[in-house]
Amino acid sequence: MKTVAALAILQAFAVHGIRIVQGNDDGWAELYARSFEDALRASGHDVVLSCPAEDKSGSSSRDEPPTDRKEPCEYDSCPPNSGPVGHNATRPDLNWVNSFPVTAIKYGIDTFGPQLWDGAAPELAVSGPNVGANLWLAVPFSGTVGAAAYAAHTARIPALAFSGADDGRLRWDTSPVPKVSEVYAQLATNLTNAVVAAGKPYLPDDVFLNVNFPDVDDSCPDAASFKWVLSRINPGIFSPKDVQWCGGDRLPTEHHVHDQKGCYVSVSIGDAKDKTTSNDVAKQQAVLDKLKSMLTCLP
């Protein structure tokens with residue numbers, strides 16, 4: 001159950017609710033994803049979760065038709081011989097697909113979402129939070145990022161990919177919910193709400209945000225402890241100049257942000273076509289304008 005403090009934080013960032021489809025690559029029964037969905041719903045959004053039936057980390061952008069499920073889903077969250085897709089018996093917003101993250105989010109976008117939204121399409125896609133960081137060289141291989149890139153590039157739905165450095169796996173019904181899962185959910189919801197509150201278009205075409213949270217520990221114990229830094233996925237050695245920000249024209253890399261002492265979250269402006277940094281300065285400026293009020297500069 002959520003604490004009173006957690007609910008207070010979420011209510012402070014509440015915005016007009018929208019239709020959101022959620023994916024990941026760790027599986028539909030992983031706690032990080034479930035905590036995030038709970039937080040988004042507490043914030044007023046209408047969320048449909050559509051994730052792989054089991055952990056499919058590292059599957060990048062693989063997309064194959066789902067096959068009949070012979071074994072139970074991860075953490076015994078569905079029985080054996082359950083078919084190619086399924087959902088929680090009492091929660092049709094919680095769906096699994098026996099395939100890869102991209103396939104799963106496609107089902108959320110094209111099938112599960114419209115079934116619950118009277119034919120309407122999702123307005124935003126979120127993926128994660130992933131169990132473990134997705135920084136630079138890991139980004140092209142991440143199924144969490146693959147799902148967000150598919151949404152932004154192919155489905156033309158603005159998308160956010162979230163990952164947390166803490167890589168401890170937790171089943172969906174872990175009780176009490178560990179602080180790390182609550183904090184990651186709060187942080188992801190806060191950024192999602194900031195994007196939504198800034199108005200449509202939520203992100204420029206073919207852009208996704210690759211967001212990485214550091215560890216939650218004694219020095220970074222709650223969502224209020226963290227600071228947001230605009231960053232790059234890959235170094236910009238041969239790239240055009242970045243948007244002017246923090247006194248320069250080159251954004252720090254994700255790795256540079258996470259090497260800093262402090263509670264810094266990297267927010268990278270990704271190109272959904274190839275999962276590298278979007279080097280279009282106009283698109284960078286559009287993201288900066290939306291998030292400027294919550295961003296900080298590194299010391």
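The following exercises, each with a worked solution, concern the predicted model of one protein chain.

Residues are numbered from 1 along each chain as its sequence is written, and side-chain values use heavy atoms, with hydrogens and water left out. Because the model is predicted, local features need pLDDT of at least 70 and side-chain atom pairs count only at pLDDT 80 or more, whereas totals for chains, interfaces and linings use all residues.

**Exercise 1. Overall form**

Task: Determine whether the radius of gyration of the protein chain agrees with that of a compact globule, and describe the secondary structure and the burial of the chain.

Solution.
- Step 1. The rule for a globule is 2.2 Å times the number of residues to the power 0.38, and the radius of gyration is taken over C-alpha atoms. For 299 residues a compact globule would have a radius near 19 Å; the protein chain has 18 Å, which agrees.
- Step 2. Along its principal axes the C-alpha trace spans about 60 × 40 × 35 Å.
- Step 3. The chain contains seven helices and ten strands. These elements are DSSP runs numbered from the N terminus, helices being H or I of at least four residues and strands being E of at least two.
- Step 4. Of the 299 residues, 54% are buried. Buried means under 20% relative accessible area, exposed means over 50%, and partly exposed lies in between (1.4 Å probe, protein chains only).
- Step 5. A contact requires heavy atoms within 4.5 Å. Among contacts with a separation of 6 or more, 77% are between residues 24 or more positions apart.

**Exercise 2. The annotated domain**

Task: State which residues the UniProt domain annotation covers, and give the helix and strand content of that segment.

Solution.
- Step 1. The unreviewed UniProt entry carries the annotation "domain: Survival protein SurE-like phosphatase/nucleotidase" for residues 22-218. UniProt positions are given in the numbering used here, feature names are shortened, and annotations may be inferred rather than shown by experiment.
- Step 2. Over residues 22-218 the chain is 29% helix and 19% strand. The end C-alpha atoms of this segment are 30 Å apart.

**Exercise 3. Helix 4 and its surroundings**

Task: Establish how many residues of helix 4 are buried and which elements those residues pack against.

Solution.
- Step 1. Ten of the eleven residues of helix 4 are buried, so this helix is largely enclosed by the rest of the structure.
- Step 2. The buried residues include Gly143, Val145, Ala149 and Tyr150.
- Step 3. Their packing partners are helix 3, strand 5, strand 6 and strand 7.

**Exercise 4. Three buried positions**

Task: Locate Phe112, Gly83 and Arg232, and describe their surroundings.

Solution.
- Step 1. Phe112 belongs to helix 3 (residues 101-116) and counts as buried at 8% relative accessibility. Outside four places in sequence, the contacts of Phe112 include Val48, Val85, Trp96 and Tyr107. The C-alpha atoms of Phe112 and Val21 are 9.1 Å apart in space, although the two residues are 91 residues apart in sequence.
- Step 2. Gly83 lies in the loop between strand 2 (46-52) and strand 3 (85-87) and is buried at 16%. Beyond four places in sequence, Gly83 touches Thr67, Asp68, Arg69 and Trp96. Thr253 is 170 residues from Gly83 in sequence and 43 Å away, C-alpha to C-alpha.
- Step 3. Arg232 is located in the loop between strand 8 (227-231) and helix 6 (254-258). The relative accessible area of Arg232 is 0%, and the residue is therefore buried. Among the residues that Arg232 touches beyond four places in sequence are Asp242, Arg250, Glu254 and Gln284.

**Exercise 5. Backbone details**

Task: Identify where the cis peptide bonds at Pro176 and Pro201 lie, and describe the positive phi values of Trp136 and Asp206.

Solution.
- Step 1. Ser175 and Pro176 are joined by a cis peptide bond with omega about -5°. Pro176 is in the loop between strand 6 (159-164) and helix 5 (179-197).
- Step 2. A cis bond with omega about -5° also joins Lys200 and Pro201. Pro201 is in the loop between helix 5 and strand 7 (207-213).
- Step 3. Asp206 is found in the loop between helix 5 and strand 7. Phi of Asp206 is about 65°, although the residue is not a glycine. At a relative accessible area of 11%, Asp206 is buried.
- Step 4. Trp136 has phi near 40° and lies in the loop between strand 5 (124-131) and helix 4 (143-153). With a relative accessible area of 34%, Trp136 is partly exposed.
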